[in-house]
Amino acid sequence: MLDLGFVRNNLSLVREKMRDRGAAGILGDFDALDAERRKLLSEAEALKAQKNAVSGQIAVLKKQKQDTSALIAEMKEVGQQIQQLDEQAKAADEKLRDLLRRVPNIPHETVPVGRSSEDNKEIRRWGEPRKFNFEPKAHWDLGPALGILDFERAAKIAGARFAVYYGAGAKLERALAQFMLDLHTREHGYTEVFPPFMVNSDSMFGTGQLPKFAEDLFKLEGTDYWLIPTAEVPVTNLFRDEVLEAEKLPVKFCAWTACFRSEAGSYGKDTRGIIRQHQFQKVELVKFAFPENSYDELESLTNNAETVLQRLGLPYRVMALSTGDLGFSSAKTYDLEAWLPSSQEYKEISSCSNFESFQARRANLRFRRGKGGKTELLHTLNGSGLAIGRTWVALLENYQQADGSVLIPEALRPYLDGLERISPQE
RNA sequence: GGAGAGGUGGCCGAGUGGCUUAAGGCGGCGGUUUGCUAAACCGUUGUACGGGCGAAAACCUGUACCCAGGGUUCAAAUCCCUGCCUCUCCGCCA
C-alpha cells in the first residue's frame with residue numbers, strides 16, 4: 001500500500017507510474033474522495049470536541065447539584081449529528097482506503113518501462129546450454145519412464161495439476177530442499193524458519209495477496225484459513241505490528257514450505273508436466289532491510305539464489321522485469337530463468353523482489369534507529385531460492401543421458417546417499 | 001468439544017460510569033549533582049488521522065485508540081452483546 005499523504009502530494013507522478021504499469025485508471029477520482037473525507041472528518045471532530053467539553057461541564061455542575069437537563073438535551077442532539085457525520089466519514093474513508101489498497105506499488109526508477117514480459121531486460125547469463133547428440137526429452141516423458149513420476153494416479157487421488165513422486169524422484173525433491181537450506185543457512189547467513197502452511201486473512205492482506213487476488217488462492221471452507229501460495233506470506237508477516245531494533249537488521253530468513261496456488265486464469269498454460277502445479281515446494285528467502293540499502297540487499301539476495309543454480313550446474317539468465325510485468329506489491333523484480341533443453345527456452349525458476357515499504361505499510365512492519373528514535377517502516381524483500389519442482393525439472397532435462405538415465409550433479413550427491421545417476425526403477 | 005480464568009502504553013501493573021488529558025513502577029530520552037561510573041533528584045515519554053499551513057521539519061491544536069466489532073448513556077478502560085486470542089483443567093488425538 002502506498003502512503004496516503006504521498007499519493008495526495010504527488011498525484012500526477014503516481015498516475016504516470018501507474019500508466020507505466022498498465023494500470024492507468026487505477027486512481028480514479030482520488031482527489032474528490034480525499035477532499036470529501038477530510039471535510040467530513042473535520043466537521044465530525046469539531047462536534048466531538050464540543051461534546052467532550054460540555055460533558056466535562058455536566059460532571060462539574062452535577063457535583064454542585066445544579067440543573068443540567070438543558071445541556072443534556074442539547075448534547076443528545078449533537079450526539080445524533082455526530083453519529084450521522086461519523087457514518088458519512090467512515091463511508092468516505094472506506095472508499096478511499098479500498099481504492100488505495102488496490103493500487104500497486106510504484107516501480108523503481110531502474111525498472112525498464114514496458115507493457116509486458118516482452119519488454120523484460122536481460123541482465124546477465126551464466127553457463128552454456130549443453131549440446132545434445134540426441135533429441136532431449138521433456139521431463140514429463142523422462143520422469144514416468146524412470147518410474148519416479150506419476151500423473152495418472154495423482155489425477156485419481158487429487159486431480160489435474162498434481163503429481164506423485166516415487167523412489168529416487170521423491171528423494172531428489174527432498175534432497176534439493178535440504179541442499180538449498182544448507183547453502184543459505186551455512187554460507188549466506190539466513191536463519192531457517194518453518195512456518196504454518198495456512199494463514200489468516202490479515203497475513204494475506206499484509207503481503208498484498210488480498211483483497212485483490214483471492215481467486216488465486218485456496219481457502220479452507222468455513223474458516224479464515226488460507227493455504228499459503230508462498231512462504232513469503234507467513235515469514236514476512238512474522239513481525240507484523242512489531243517494532244524491530246535497528247541492530248538486528250537486516251533480518252534474513254529462509255523457509256522451506258509447500259505452496260498452494262489455484263492457478264485460476266492459467267487454463268491451458270503449462271498443462272503438461274510439473275511446471276505449474278496446485279501444490280509445489282519452494283525454499284524462500286526473505287529479508288527485512290534498512291530503506292537506504294534495500295537495493296543492495298536485492299542484488300545480494302538475487303546472487304544467493306543464483307548460487308543454487310551455479311552449484312547445480314544449471315545454465316540460466318537473469319531478467320529485470322519491465323513495469324508491465326511487475327507483480328502487484330513489487331517495486332523491482334529480477335526473475336531467474338533456467339534453461340530447459342526440451343523446449344529450448346529459459347523458464348522462470350526464481351523471482352526476487354524488493355517491495356520497499358509497500359508490504360511494511362500494509363503489515364505495519366517497523367524498526368527504530370537507536371534508543372528513543374522514531375519508528376520507520378522497514379523494506380521487505382524476498383525471492384525463491386529456488387522453486388524445488390522446477391529445479392527438479394531442470395535437473396532431469398539438463399542431465400539426461402541418451403539411455404534415459406539422469407546424472408546427479410556433484411553438489412547434490414551427499415544428499416542422495418552418494419547416488420550418481422537415476423536409472424529406471426521398478 | 002466441555003468447564004473456568006484472563007487480554008490495559010516499549011514492559012510490569014492499578015483502575016466497577018464523570019477532576020483518569022489511564023495511578024504507580026520499570027525502561028528510554030533530556031537535565032542537575034559528580035574526577036569517572038553508579039546512585040539520587042528534576043523533567044519528559046506512544047500510534048494514527050485531521051486543522052493551523054499552498055515544501056519539509058519543528059511547533060500549536062483537535063479527534064480516535066485500554067484485544068476486535070457492535071450496543072446503552074449527556075458521558076464507557078469501567079455496563080451489555082458478539083467474536084478473536086491466551087492460559088488452566090477435563091475429553092479426544094499425532
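Reader: How many residues surround RNA strand B, and which are the closest?
Author: There are 22 residues around RNA strand B, and the closest are Arg8, Arg37, Ser42, Glu45 and Lys90. Keep in mind that this is a predicted model. A residue gets onto that list if one of its heavy atoms lies within 4 Å of the strand.

Reader: Which parts of RNA strand B account for the atoms that come within 4 Å of the protein?
Author: Sugar and phosphate make up 73% of those RNA atoms.

Reader: What makes Ser42 a polar contact of RNA strand B?
Author: A polar atom in the Ser42 side chain sits 3.0 Å from a sugar or linking oxygen of the strand. The cut-off for such a pair is 3.5 Å, so this one qualifies.

Reader: Which atoms pair up for Glu45 and for Lys76?
Author: For Glu45, a side-chain N or O atom is 2.9 Å from a base nitrogen of RNA strand B. For Lys76, the partner is a phosphate oxygen, 3.4 Å from an N or O atom of the side chain. Both distances fall within 3.5 Å, so both pairs pass too.

Reader: Which helices supply the surface near RNA strand B, and which gives the most?
Author: Helices α1 (4-9), α3 (30-63) and α4 (69-101) each put in at least two residues. The top contributor is α3, with twelve.

Reader: How do the residues of that surface divide into nonpolar, polar and charged?
Author: You get seven nonpolar, five polar and ten charged residues. Arg, Lys, Asp and Glu go in the charged class, so Arg8, Arg37, Glu45 and Lys90 from the closest group belong there.

Reader: Moving into the protein, what is in the largest nonpolar core?
Author: That core has 52 residues, and Leu172, Leu176 and Leu412 have the most contacts inside it. Helix α7 (residues 167-186) provides the largest share, nine residues. Apart from that one lies another core of 18 residues, including Phe239, Ala255, Ala360 and Leu365.

Reader: Which residues does Leu412 contact beyond its neighbours in sequence?
Author: Once residues within four places are set aside, Leu412 is in contact with Leu172, Ala175, Leu176, Phe179, Leu312 and Leu395.

Reader: How many disulfides are there, and why is Cys254 in none of them?
Author: The count is zero. The cysteine sulfur closest to that of Cys254 belongs to Cys352 and is 13 Å away, whereas a disulfide needs the two sulfurs within 2.5 Å, so the pair is too far apart for a bond. Looked at from the other end, Cys352 has Cys254 as its nearest cysteine sulfur, also at 13 Å.

Reader: Why are Cys254 and Cys352 classed as they are, buried or exposed?
Author: Cys254 has a relative accessible area of 0%, and Cys352 has 0% as well. Buried means under 20%, so both cysteines are buried.

Reader: How much of chain A counts as buried, and what is the chain built from?
Author: Of its 426 residues, 50% count as buried. Chain A has twelve helices and 17 strands, and its C-alpha atoms fill a box of roughly 100 × 45 × 40 Å along the principal axes. Take the contacts between residues at least 6 apart in sequence: 73% of them join residues at least 24 apart.

Reader: Why is Gln310 called partly exposed?
Author: Its relative accessibility is 31%. That value lies between the 20% limit for buried and the 50% limit for exposed, so Gln310 lands in the class between. The residue belongs to helix α10 (residues 294-311).

Reader: What does Gln310 contact, away from its neighbours in sequence?
Author: Setting aside residues within four places, Gln310 is in contact with Trp126 and Tyr316. With Tyr316 there is a side-chain to side-chain polar contact at 2.8 Å, which is within the 3.5 Å limit.

Reader: Where is Ser405, and why is it classed as buried or exposed?
Author: Ser405 is in the loop between α12 (388-398) and β16 (406-407). Its relative accessible area is 2%, under the 20% limit, so Ser405 is buried.

Reader: Which side chains make polar contacts with that of Ser405?
Author: Asp403 does, at 2.7 Å, and Arg421 does too, at 2.7 Å. Arg421 is also among the residues that Ser405 touches beyond four places in sequence, along with Leu146, Tyr399, Gln400, Ile422 and Ser423.

Reader: How far apart are Ser405 and Gly143, in sequence and in space?
Author: They are 262 residues apart in sequence and 9.8 Å apart in space, C-alpha to C-alpha.

Conventions: Residues are numbered from 1 along each chain as its sequence is written. Chains are lettered from A and ligands numbered from 1 in the order in which they are written. This is a predicted model: local features need pLDDT of at least 70, side-chain atom pairs count only at pLDDT 80 or more; totals for chains, interfaces and linings use all residues. Side-chain values use heavy atoms; hydrogens and water are left out. A polar contact is a pair of N or O atoms within 3.5 Å; within protein, one must be able to donate a hydrogen and the other to accept it, and residues adjacent in sequence count only if both atoms are side-chain atoms. Helices (H or I, at least four residues) and strands (E, at least two) are DSSP runs, numbered from the N terminus. A nonpolar core is a set of buried Ala, Val, Leu, Ile, Met, Phe, Trp, Tyr and Cys residues joined through side-chain atoms within 4.5 Å. Buried means under 20% relative accessible area, exposed over 50%, partly exposed in between (1.4 Å probe, protein chains only). Contact means heavy atoms within 4.5 Å.
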